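Student: Please take a close look at one buried side chain in this model and at what surrounds it. After that, I would like to see how its setting relates to the contacts between the chains.

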Amino acid sequence: MRITVDGVEWRVEPGEILSAALLARGRRALRVSPRRGAPRGAFCMMGICQECAVTVDGRIRRACVTMVRDGMVVTLQGAGPAAAPRPGAARS
Amino acid sequence: MTVHDLAVVGGGVHGATAALFAARGGMDVALFERGALCREASGVNAGTLTMQMTRTALMPYALRAHAMWASARDWLGHDVGVVVCDGLSLAFTPAEEELLAYRAGKRREAGAPITLVSGAQARRIEPGLSEAVRSAGHCRVDGYANAYLTGLAYRRALIEAGVALRENTPVGGVTPTGAGFELETASGTVRARRILLAGGVWIEPMLAWLGVHLPIKTLVNQLVVSERVAPIMRTVVGIANGLLSLKQYPHGTVVIGGGWQGVGDRERGGVELLPDRVVGNVRLACHAIPALRAARMARAWAGLEAETADALPVAGPVPGIEGAFVCGSVHSGYTSGPYIARLLAERLLGREPDLPLFPIDRLLARPEAA
Amino acid sequence: MSGPIRHAVDLAVLGAGPAGGAAALAASRAGLSVALIDENPDAGGQVWRKPVRPAARAATAEPGDALRADLAASGITLLYGRTVWSVGASLDLDMIDAESGRWERVSAGRLVAAGGAHERVVPFPGWTLPGVVGLAGATILLKSHGIAPGRRVLVAGCGPLLFAVAAGLAGAGVEVVGVADLAARSDWLRALPDLLTRPGLLGQGACWMTSLKAAGIPIFFRQALRRAEGATEIARAVIGPVDAHGAPAPGPERTFAVDALCVGHGLVPGSDVTRLLRAPHRFDPLRGGLVPVTDEAGRTGISGLYAVGDGAGLRGAAMAALGGELAGLAAAADAGRLAPDAFAREAERLRRAMARERPFSDRMAGMMRLRPAQVQAIAPETVVCRCEDVTRAEIDAACAAGARDVNQMKQFTRCGMGPCQGRLCGDVAAELLAARVGTREAVGAFTARPPLRPIGFDELMGDFDYADIPIPEPAPL
């Protein structure tokens, strides 16, 4: 089956967990942390730490508990909780 | 033994603000809080500073309180993360439009600068809004604070103002002595000339120390917060009937509230969230701001809110007990609290408050149901 | 579809590892209708996790195979792949089926919490770099997914997992540059009499050591990580000597060029469910931290709620399975479905079996115990809360600003407010605060709230019509 990661199509095996599929293909930096913008990757592999939260089909999901699915679209850029300062709202 | 000019019991926004202004007015003030400052309603509420959920009778107070929050750095001296922005109260159905027009009109009469706008206009103000919005109440006097920062900000301000801050110090009882009051605490008896009971939902048991029975209903408000997400909205969003509050903080989290009721009471706090109501509140939020669907819920919690029989505040002297005062149970109390507590401090300092207080006689003499 | 799909059973078991699996089977055999719920696609928990790729499947049977076969053959309602987000006071569980997206609710009136434990990593500079993974995480990668976290790897921390992971990596053809163990060689020698009580497991340990020796992998006793370095991923790991309490000691550092680092400092009980329901807890450093107070059969202070396995205090898989079985039988007895004398007989058998396991179990728990001096040595600029990038210096500053318990510290700093909700940092953050305030009991624990795991709003709300939202009556005007 095939998934798309940041616009690139990958062949994956049915039954693969997304975090393992990413790691096996050398994608270890999955997102940046919200305050420092520091690179982060999968850490606990058991759904606790949230470091592998990436965007899967437009939704934030933990890669370590997400089974790959044919046609799945994965976005690492901008995934997870990192948020830029917002325009519009004036701070007092 | 020291005799304080004023002992405040309860360290939420009401008690802390009154203590702060009383101390700045020259009084020797001690504040007693059984836990840490602003860890109940004042620290766990949704932080909304809106006129569109405010009771019309409180509007003049809420408008002044909003200005206080917006200038918190000036008078409080510390950051509570206040953001002033547009507020929208949404209508999705013709019935809601009717309700909205009526309620917005009443609030406008009371002084809130609310105008009705079309769905298209509302979407220009808040591009994140759903196409399903038919019309909205728009108010420029809106915004939010970061409620969890309240305790730290007040803590610093009270210490700077010279208030004797007694956190983690429950008061077991208060006895009038004629010349003042004696407070029983774990660290001994404390004396004060005046006393202010500012315990939120615990005002009822506090007044019972003085033999006064004033029933206070405990609301258990459920709240939900998302993890940090990229910007999806820039305003405070509610609905016509008032049971949604929704905004995104500058750091990216989205807080969903509106007063959906969970399980809890004065004794145990907010102990349980009802999943059907969490889901209902989230559905409503995502119906208003569809992009919220992509985010995840990080946490849900329940906080207490106090309500009197007429849902208006208790703020004034305790009848028949010279030197005893009470302040709290303000509907949407986080919004209006600082101003009402400041008025009470003016009264304690012997000055005439700019706006009337809310004497509690009305709640003692004749219950509303009678 | 607007509301949940409902399952009504006599007993719900949350967590299908050794403890939960045994509890479910025992209760089912005693005649209770049981639902067994787990987030993973199959039973086994973390320790007996099912290999998902053929390449990862061992030639010999896995310890979890028998459990999976027994469960599959039982009449138990197996709800795998479910993310549970709410546990109500009535012990109702609300969950989402990851596969179908459906909202389900299990109502039982009795609940066995068997959520297991998760990794503790005491922070050090660079621990947030990609390529740094937990020891348990590395085990999952190796055993379940058949892949290694890197090609040139350092293994560091404490406890038996160190050697299991190093041997596993070596067996997978990975270059293991070394193993850094907080413990001294003499600590392990002192443990030997207790380890000898479980010759099978000791033999497994001996096998790991033999394979490390054969591969020429050096073991650095009483050495710990000083830092990990790299720009966007780990490139180097630096170790140095520590004293008997885990604090840095004088002596030369060693630097290794690596592309992965596996590190773990023991496990922390995942007591979310019992804390959420406000069962009484106590702090037990040997059992990994805050644990629910239970009787020997796992009964908590809340009627109908049982807590078993490593989530109720670290004891290891063998003890977890025995304790789970006992709790499953207790649930049946408490429901009046197992006669008191039959329960007493079974309890006695299990009690004897647990007594045999206890010396080994206690010794292993002791080897993984948190070393407070290691926590106190965390450098000020080191990130403690990964979700919110909160440093040790910020936690100390909150304490200086008057924070006296972890929840107040959280409000001052956002430590523990991120999506992991303090599950990763809570233990270390509490330890840091306790050193300044007094005791772990005094500083408490982060208040547990739903969801048990972050859950997508889209998953939570499902399909609905606006008209069906039960919007409450308007607030007073």
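Tutor: In this predicted model, the side chain of Gln50(A) reaches the backbone oxygen of Gly47(A) at 3.2 Å, a polar contact in the sense of a pair of N or O atoms within 3.5 Å, where within protein one must be able to donate a hydrogen and the other to accept it, and residues adjacent in sequence count only if both atoms are side-chain atoms. Residues are numbered from 1 along each chain as its sequence is written, while chains are lettered from A and ligands numbered from 1 in the order in which they are written. Local features need pLDDT of at least 70 and side-chain atom pairs count only at pLDDT 80 or more, whereas totals for chains, interfaces and linings use all residues; side-chain values use heavy atoms, with hydrogens and water left out.

Gln50(A) sits in the loop between E4 and strand E5 (53-56) of chain A, where helices (H or I, at least four residues) and strands (E, at least two) are DSSP runs numbered from the N terminus. With a relative accessible area of 3%, Gln50(A) is buried; buried means under 20% relative accessible area, exposed over 50%, and partly exposed in between, with a 1.4 Å probe and protein chains only. Leaving aside neighbours within four places in sequence, the contacts of Gln50(A), meaning heavy atoms within 4.5 Å, are Arg31(A), Arg62(A), Arg296(B), Pro419(C), Cys420(C) and Pro454(C).

Chain A itself has one helix and eight strands, which run β-β-α-β-β-β-β-β-β from the N terminus on. Of its 92 residues, 58% count as buried, and residues 24 or more positions apart account for 42% of the contacts in chain A with a separation of 6 or more. Two other loops of chain A hold aspartates with unusual backbone angles to note. Asp57(A), in the loop between E5 and E6, has a phi near 50°, a positive value in a residue other than glycine, and is partly exposed at a relative accessible area of 35%. Asp6(A), in the loop between strand E1 (2-5) and strand E2 (8-11), likewise has a positive phi near 50° and is partly exposed at 30%.

As for the contact of chain A with chain C, it takes 34 residues from chain A and 51 residues from chain C. About 3,400 Å² is buried between them, of which carbon and sulfur atoms give 57%; this area is the accessible area (1.4 Å probe) that two parts lose on being put together, summed over both. Arg28(A), Phe43(A) and Met46(A) supply 23% of the area that chain A buries against chain C, more than any other three residues. The count between the two chains is nine salt bridges, each a side-chain nitrogen of Lys or Arg within 4 Å of a carboxyl oxygen of Asp or Glu, and Glu51(A) and Arg386(C) meet in one of these at 2.5 Å, N to O. There are also 15 residue pairs in polar contact, both at pLDDT 80 or more. Helix H1 (18-24), strand E4 (39-40) and strand E6 (59-62) are the elements that give two or more residues to the side of chain A that touches chain C. The residues of that side divide into 17 nonpolar, seven polar and ten charged, with Ala, Val, Leu, Ile, Met, Phe, Trp, Tyr, Cys and Pro counted as nonpolar, Asp, Glu, Lys and Arg as charged, and the others, Gly among them, as polar.

Chain C also meets chain B: 48 residues of chain C are in contact with 60 residues of chain B, and the two chains bury about 4,700 Å² between them, 59% of it on carbon and sulfur atoms. Phe457(C), Tyr466(C) and Leu477(C) supply 19% of the area that chain C buries against chain B, more than any other three residues. Across this interface the rule finds three salt bridges, and Arg105(C) forms a salt bridge with Asp276(B), the closest N and O atoms being 2.5 Å apart. The rule also finds 23 residue pairs in polar contact there, both at pLDDT 80 or more.
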